[in-house]
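Notebook open, model loaded. I want to look up the core, one helix pair, the overall dimensions and the chain contact.

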Amino acid sequence: MTNVYIAGMGATAVGEHYGRDLADLASEAARLALASAPGIAPHQIGAFYVGSAYSEELYGQGQLGAYLASVLGLSPSIPALRIEAAGASGAMALYQAVQAVQNGLPLALVVGVEKVTDHLEDAIEAAQAMAADSNEEALHGVTLTAQWAMLMRRYLHEYGYAADAFAPFPINAHANGAKNPLALYRFAIDANKYRKAAMVASPLNLLDCSTLADGAAALLIAGEQLARELDGPRIRIAGSAVATDTPALHRRRNPLELHAARASAHIALGRAHLGVGDVHVWELTDPHGIAATLALEAIGCYESGTAPRYAAEGAITPTGKTPIATAGGYKARGDVGGASGIYQVIEIARQLSGTAGATQVANARVGLAQSLGGIGATAVSHVLIRES
Amino acid sequence: MNIARHWRERTTRYRLEGQRHRHTGEVRFPAQPPTLDEDPNDWEPYQLSGRGEIYSFSVIRQAPSGYESLGLYPVALVRLEEGPLVTAQLTDCDEADLAIGMPVEMVTRRLMDTGEDGVLVYGYKFRPCVQ
């Protein structure tokens with residue numbers, strides 16, 4: 001098996017791109033990725049993986065592999081396929097590309113793309129609810145947001161926190177997102193605003209809920225031989241892992257434990273011969289403070305019931321012990337559905353390259369991006385290392 | 001066409017029928033196919049009592065398509081007295097009265113707006129226990 005590297009990357013702004021369609025967004029991201037890798041030509045791409053969660057339900061397009069390969073003008077003789085794992089679709093597409101390159105493919109292109117804002121909130125909620133169990137959850141009108149809300153209420157109850165215990169998470173996300181030109185929300189919020197925000201699904205309020213938006217992000221994944229010919233710092237994907245759990249929240253022994261999040265992070269770190277304490281910067285699936293909290297605790301950064309306390313002390317900011325959402329996270333950068341996993345890996349790669357600007361984590365050499373589908377039914381983790 | 005799909009769930013939705021393990025007594029709800037390492041004969045149909053308590057709840061203000069007519073509506077994870085957790089809507093209650101640990105009981109109600117098939121979809125919801 002050969003080592004696997006990030007050879008190029010690019011992303012569109014996250015937003016309500018009313019004037020642009022899915023092909024247009026994917027094309028921009030792929031062109032930016034190629035432009036970032038001057039030594040690479042499109043004809044070198046040997047496989048194409050697309051991650052998208054909602055392309056059928058909210059855009060009416062199947063076969064994204066063939067569809068976008070044709071849009072990009074890729075060789076018709078290479079495999080091109082779309083992968084769906086709800087919010088983890090893009091990360092799962094990257095996982096597939098990593099497998100192929102490890103096994104000898106010189107270069108793969110991965111695109112995460114989502115085009116959702118042609119629809120109103122009710123259709124978006126219904127599409128997101130498809131990540132849950134259709135008979136046992138979605139049929140009862142339960143939304144993904146409401147499921148996180150129920151976990152939040154239970155967490156507050158079990159550990160005795162006040163309702164605003166999770167405020168540090170969106171406050172950190174917005175502080176960082178304000179400095180990211182590609183973020184959906186480029187403004188700061190404070191604890192006072194958080195307390196006054198209207199409820200979406202109690203106890204989750206508007207300022208603790210991400211917004212699903214349009215965007216596309218792309219990565220060029222290269223084997224060692226090709227990567228050695230390229231300029232710039234070498235970012236290696238040192239460990240990748242997928243783990244799963246039942247989508248039905250009520251079938252889990254303890255719903256507050258995200259088993260797949262724990263397993264995928266630990267397997268990925270094991271493959272990189274690293275431990276939790278070796279990671280300098282994190283990207284998590286953090287549409288709500290409770291989501292970031294349960295992931296941090298599952299991974300083992302903090303004991304169960306303690307992450308909000310550390311967050312209140314600044315542990316999740318760029319200068320803290322476990323920096324998260326340095327580009328704004330799901331809350332401020334925007335939830336880009338299946339494309340989110342690619343945006344996450346791009347942010348970790350920027351951090352490790354030392355090009356993350358105002359939210360740069362000092363001396364970051366190891367990062368972990370974890371992408372969840374639904375309430376952690378699918379968990380995909382990638383460990384990135386900057387080689388010196 | 002979802003008519004058959006709703007029809008085949010009738011024992012689950014109307015009677016709260018799950019399954020019980022013949023030897024360990026473990027109760028599962030809803031029933032599910034045996035996993036690859038289970039003996040299918042070990043699981044028998046089992047009707048749950050419909051009593052339980054609220055494990056957690058939320059009140060939804062942004063409804064998905066098909067549920068808009070409910071306006072605001074409460075959903076819950078209910079811990080049934082036989083052990084399983086179940087996801088369902090709450091009904092016949094005020095948000096201010098809801099609390100974790102509150103005893104609830106099953107009732108049969110309409111679950112969603114009628115879709116293109118015009119089928120009225122009924123199933124279990126839970127309400128605070130009538131004293």
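Which residues touch the most other members of the largest nonpolar core? I found A:V110 and A:A218, in a core of 178 residues. A nonpolar core here is a set of buried Ala, Val, Leu, Ile, Met, Phe, Trp, Tyr and Cys residues joined through C-beta atoms within 7 Å. Buried means that 20 or more other C-beta atoms, placed from the backbone, lie within 10 Å of a residue's own.

Before going on, I noted the ground rules. This is a predicted model, where local features need pLDDT of at least 70 and side-chain atom pairs count only at pLDDT 80 or more, while totals for chains, interfaces and linings use all residues. Residues are numbered from 1 along each chain as its sequence is written, and chains are lettered from A, with ligands numbered from 1, in the order in which they are written.

**Core, continued.** Helix α5 (residues 144–159) of chain A gives the largest share of this core, nine residues. I then listed what A:A218 contacts beyond its neighbours within four places in sequence: among them are A:M9, A:G10, A:L109, A:V110 and A:I342. In contact means C-beta atoms, placed from the backbone, within 7 Å.

**Helix pair.** A:I342 turned up again when I checked α3 (residues 89–102) and α13 (residues 340–353) of chain A, since it is one of the α13(A) residues in that contact. The two helices pack at about 65 degrees with axes 5 Å apart; axes are lines fitted to C-alpha atoms over the stretch in contact, and angles run from 0 to 180 degrees between N-to-C directions. α3(A) and α13(A) are therefore roughly perpendicular, the class for 65 to 115 degrees. From α3(A), the contact takes A:G90, A:A91 and A:L94. I counted four nonpolar, three polar and no charged residues in it. Asp, Glu, Lys and Arg count as charged, Ala, Val, Leu, Ile, Met, Phe, Trp, Tyr, Cys and Pro as nonpolar, and the others, Gly among them, as polar.

**Whole chain.** Chain A has 13 helices and 11 strands, which are DSSP runs (helices H or I, at least four residues; strands E, at least two). I get 64% of its 388 residues as buried. Its radius of gyration over C-alpha atoms is 19 Å, which agrees with the value near 21 Å for a compact globule of 388 residues (2.2 Å times the number of residues to the power 0.38).

**Chain contact.** Chain A and chain B each put in 28 residues. On the chain B side, β4(B) gives the largest share, six residues. That side divides into 18 nonpolar, seven polar and three charged residues.

Notes:
Two residues are in contact if their C-beta atoms, placed from the backbone, lie within 7 Å. A residue is buried if 20 or more other C-beta atoms lie within 10 Å of its own, exposed if 12 or fewer, and partly exposed in between; C-beta atoms are placed from the backbone. Angles under 35 degrees count as roughly parallel, over 145 as roughly antiparallel, 65 to 115 as roughly perpendicular and the rest as oblique.
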